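Subject: Structure handover

Hello,

Here is the structure I promised to pass on. Please open it first, then read my notes below.

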Amino acid sequence: MELILINPPQPYLVEKHTQTPLGILYISAVVKRDRPDVDVSVCDLSDCSEPIEVPDADVYGYTSTSLDYPECVKLMETIRMEHPGSLHIIGGSHATAMPFSCRDDGFDSVFIRESEKTILEYIDDWMRVDTVEFYEADNLVDVCTLPWPDRDALGWTGGRILASGNDRSASLMASRGCPFNCAFCASALIWKRKMRWRSPENVVAEMKHCIEKYNVTTFRFADDSMTSNRDWVQEFCKAVEPLGVRWQTNERVDTVTIDLLKMMRDAGCVEIGYGVESFDPMVLKILGKKISPEQSIRAVEMTFKTNIGVWLLMMISTPGETYKHTVQCNSRALARLVGKFVRASCKTLMPLPGTPIWNDPERFGVEILNRDFSTYNAYPYKPGPNGRPKLILCRNDVSTGSFIRSHFTERNQVYP
Ligand code: SF4
């Protein structure tokens, strides 16, 4: 079998090459290890704006988020026309959230949740000419038994990931999953709210491998929240410190302490992205974030004190916003924190497939006007019938309106 794994074009990305497509690199590594007769390769088209010729293969496997999906379908249709008789399979967060629509859009098989085990079942079925429409992972994979992502398959693309510096960087994951279930996030659907950890030694060995083989000097952890397991982080810090590398991670504000932050700084942590979302307690409550504005402020101040850069990740146009109160809350908090964060991003909340707000908008007091996410560069919903949330908020103050392009990354920008 010839299998090509494809990361589809992502025209909405402002910063290119910030993320390695770890999902398909894990699949490639598992296939090479466990089905060595399969000729597997990876095609990363995330940065492609022009059509390119994809080599001939028996099976094309796509990974896709909901935002990539319209491009992914177009690509699949083009490749199918150019390579008649080929099979087209899809996995990733969008396929997990909307498997039937993927099937209806023309994908021959759809992979639900993690695919490291089910891709092997698929290959065996293909050999017997007996593939089925849906491959759903019954159990979560044991992350300790996985090989490292097959970065060789990708070819080195480099990429700048941090606010400062142009180091050679690599993404990696030490854990999978998150125990929370925020209104705007599909993590719970994919990982079932369970966390699984690799050993600190195994993670550090992968980092050493990246340093020796690809001359990497900076790492970006793509985990949902490493610091939710403080014992693990302490062990990891001890193991990684001798490498002398820089690393960046995203965390919840309620999982860090000053001692842990100092340890992380000494071990090379140079930046932490905090999902503060909003400083309005009502918004945080409705989003199910289970943090308070005070916790966010404390985490930013502690992190600033330890000399680790802070990246604030915020969200506007959310359920629960009221113009006066939310603007006041955000303005006051950001004014207090000016100079203590190195960058901030703000995006408009999108009710994406697989998230609680997509599944049950009534519960959040909103009505989704448009479930066609190919148009999700536009404002997609309005206040619910009870009129409670006033959703169009701050939007014109901080962005030009589109979902991804609304990022603002200038140093210490605040709302007016
Ligand atoms: S937003 Fe963060 S904390 Fe909330 S469910 Fe997603 S990963 Fe977990």
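Let me start with one strand pair. Strand 13 (residues 309-316) pairs with strand 14 in the parallel sense, over six bridges. One residue to look up there is isoleucine 316, whose bridge partner in strand 14 is threonine 348. Please keep in mind that this is a predicted model.

**The sheet with strands 13 and 14**

The pair belongs to an open sheet of six strands, in the order 7-10-11-12-13-14. The pairing is parallel. Strand 7 (169-172) and strand 14 (343-348) are the edge strands, and each pairs on one side only. Neighbouring strands of this sheet are turned by 20° against each other on average, direction ignored.

Two helices are worth a look here. Helix 10 (residues 258-266) lies across strand 11 (246-251) and strand 12 (269-277). Helix 10 runs at about 140° to strand 12. Helix 12 (residues 293-305) packs on the sheet and touches strand 12 and strand 13. The direction of helix 12 makes about 155° with that of strand 13.

**The other sheet**

Six strands form another open sheet, ordered 2-1-3-4-5-6, with parallel pairing. Strand 2 (39-44) and strand 6 (134-136) stand at the edges. Each has a single partner strand, so one side of each is left without a neighbour in the sheet. The twist averages 20° from one strand to the next.

Inside this sheet, strand 4 (residues 87-91) and strand 5 (residues 109-112) pair in the parallel sense over two bridges. Isoleucine 89 has serine 109 in strand 5 as its bridge partner.

Helices lie across this sheet too. Helix 1 (residues 22-34) crosses strand 1 (2-7), strand 2 and strand 3 (59-63), and runs at about 170° to strand 2. Helix 5 (residues 118-127) lies across strand 3, strand 4, strand 5 and strand 6. Helix 5 runs at about 145° to strand 6.

**Alanine 29**

Alanine 29 sits in helix 1. Is alanine 29 buried or exposed? Alanine 29 has a relative accessible area of 9%, so it is buried. Leaving out residues up to four places away in sequence, alanine 29 touches Pro147, Trp148, Pro149 and Asp150. Alanine 153 is 124 residues from alanine 29 in sequence, yet the two are 8.8 Å apart in space, C-alpha to C-alpha.

**Cores**

In soluble globular proteins, nonpolar side chains tend to be buried together. The largest nonpolar core here has 49 residues. Phe236, Trp247 and Met264 have the most contacts inside it. Methionine 264 touches Thr227, Val233, Cys237, Trp247, Thr249, Cys269, Ile272 and Ile308, not counting residues up to four places away in sequence. Another core, of 27 residues, lies apart from that one. Its members include Leu22, Leu25, Tyr26 and Ile119.

**Around the ligand**

Which residues are around the ligand? They are Cys178, Phe180, Asn181, Cys182, Phe184, Cys185, Asp224, Arg252 and Lys289. This shell divides into five nonpolar, one polar and three charged residues.

Take Cys178 from that list. Cysteine 178 is in the loop between strand 8 (175-176) and helix 7 (187-191). Its relative accessible area is 12%, so cysteine 178 is buried. Cysteine 178 touches Ser187, Arg193, Lys194, Met195 and Asp224, not counting residues up to four places away in sequence. Isoleucine 190 is twelve residues from cysteine 178 in sequence and 9.8 Å from it in space, C-alpha to C-alpha.

**Two backbone angles to check**

Arginine 113 has a phi near 65°, a positive value in a residue other than glycine. Arginine 113 lies in the loop between strand 5 and helix 5. At 18% relative accessibility, arginine 113 counts as buried.

Valine 129 also has a positive phi, of about 55°, although it is not a glycine. Valine 129 is in the loop between helix 5 and strand 6. At 76% relative accessibility, valine 129 counts as exposed.

**The whole protein**

The protein has 15 helices and 16 strands. Of its 416 residues, 55% are buried. Among contacts between residues at least 6 apart in sequence, 72% join residues at least 24 apart.

Best wishes

Notes:
Residues numbered from 1 in each chain as written. Predicted model: local features only at pLDDT ≥ 70, side-chain atom pairs only at ≥ 80, totals over all residues. Heavy atoms only, no water. Pairing = 2+ DSSP bridges. Helix = DSSP H or I, 4+ residues; strand = E, 2+ residues; numbered from the N terminus. Axes fitted to C-alpha atoms, helices over the stretch in contact; angles between N-to-C directions. Contact = heavy atoms within 4.5 Å. Near = heavy atom within 4 Å. Nonpolar A, V, L, I, M, F, W, Y, C, P; charged D, E, K, R; others polar. Core = buried A, V, L, I, M, F, W, Y, C linked by side-chain atoms within 4.5 Å. Buried < 20%, exposed > 50% of the residue type's maximum accessible area, 1.4 Å probe, protein only.
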